[in-house]
Amino acid sequence: NIHLVARLIAFGALARTGSRGGHFRTDYPEKWADPAKHSVIQRSSETSEPEVSFVPVAAHPPPAFLRA
């Protein structure tokens, strides 16, 4: 569902407390301290609401077909 995906993208963007690249926030104009992280959104097992965590990029290597 495209509306759900759009909502989750916005939810993840609002969870970041800084700006990076083209994702500039007027309420957090300073550069995000650690931009080398993925935003991971999953459903809470208790409330069924989305929750965001940030994991290092190295924790999720690219799929084999993208590795050279």
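This report walks through a predicted model of a small set of structural elements and the residues that link them.

## The overall picture

Let us begin with the whole chain. The model is predicted, and its 68 residues hold one helix and two strands. Reading from the N terminus, the order of these elements is α-β-β. Buried residues account for 12% of the chain. The accessible surface amounts to about 5500 Å², and carbon and sulfur atoms contribute 60% of that area.

How do contacts spread along the sequence? Taking contacts between residues at least 6 apart, 18% of them join residues at least 24 apart.

## How confident the prediction is

The mean pLDDT of the protein is 81, with 88% of the residues at 70 or more. Of the elements, α1 has the highest mean value, 88, while β1 has the lowest, 84. A general caution is useful here: where pLDDT is low, the predicted coordinates should not be read in detail.

## The helix

Helix α1 covers residues 2-15. Its length can be checked with a little reasoning: at 1.5 Å a residue, the 14 residues of α1 should span 20 Å, and because the end C-alpha atoms are 20 Å apart, the two values agree. At the start of α1, asparagine 1 extends a side-chain oxygen to within 2.9 Å of the backbone nitrogen of histidine 3.

Leucine 8 is a good residue to find within α1. Its relative accessibility is 25%, so leucine 8 counts as partly exposed, since that class lies between the 20% and 50% limits. Beyond its neighbours within four places in sequence, leucine 8 is in contact with Ile41 and Pro50. Ile41 falls within the residue range of β1, and Pro50 within that of β2. Leucine 8 can also be compared with glutamine 42: 34 residues separate them in sequence, and their C-alpha atoms are 9.3 Å apart in space.

## The loop between helix and strand

Two buried residues are worth visiting between α1 and β1. Arginine 25 is in this loop, and it counts as buried because its relative accessible area is 13%, where buried means under 20%. Its side chain reaches the backbone oxygen of arginine 16 at 2.4 Å. Not counting residues up to four places away in sequence, arginine 25 touches Ala13, Leu14, Ala15, Arg16, Gly18 and Ser19.

Tryptophan 32 is in the loop between α1 and β1 too. With a relative accessible area of 11%, tryptophan 32 is therefore buried. The C-alpha atoms of tryptophan 32 and glycine 18 are separated by 4.1 Å, although these residues are 14 apart along the chain. Leaving out residues up to four places away, the contacts of tryptophan 32 include Arg16, Thr17, Gly18, Ser19 and Arg20. Tryptophan 32 also touches Lys37 and Phe54, whose positions fall within the ranges of β1 and β2 respectively.

## The two strands

Which way do the strands pair? Strand β1, residues 37-43, and strand β2, residues 50-56, pair in the antiparallel sense, with seven bridges. Lysine 37 is opposite proline 56 in β2. Further along, valine 40 has serine 53 of β2 as its bridge partner. Together β1 and β2 make a hairpin, with six residues between them.

## Inside the turn

Two serines help to describe the loop between β1 and β2. One of them is serine 44. Its relative accessibility is 10%, so serine 44 counts as buried. The side chain of serine 44 reaches the backbone nitrogen of threonine 47 at 3.3 Å. Apart from residues up to four places away in sequence, serine 44 touches Glu49 and Glu51.

Serine 48 sits in this loop as well. Is serine 48 buried, partly exposed or exposed? At 44% relative accessibility, serine 48 counts as partly exposed. Its backbone is also worth a look: serine 48 has a positive phi of about 65°, although it is not a glycine. As a general rule, most residues other than glycine have a negative phi.

Technical notes:
Residues are numbered from 1 along each chain as its sequence is written. This is a predicted model: local features need pLDDT of at least 70, side-chain atom pairs count only at pLDDT 80 or more; totals for chains, interfaces and linings use all residues. Side-chain values use heavy atoms; hydrogens and water are left out. Two strands pair if DSSP finds at least two bridges between them. Helices (H or I, at least four residues) and strands (E, at least two) are DSSP runs, numbered from the N terminus. Buried means under 20% relative accessible area, exposed over 50%, partly exposed in between (1.4 Å probe, protein chains only). Contact means heavy atoms within 4.5 Å. The expected span of a helix is 1.5 Å times one less than its number of residues. A polar contact is a pair of N or O atoms within 3.5 Å; within protein, one must be able to donate a hydrogen and the other to accept it, and residues adjacent in sequence count only if both atoms are side-chain atoms. Accessible areas come from the Shrake-Rupley method with a 1.4 Å probe; for residues, only the protein chains shown count as cover. pLDDT is the predictor's confidence in each residue, from 0 to 100.
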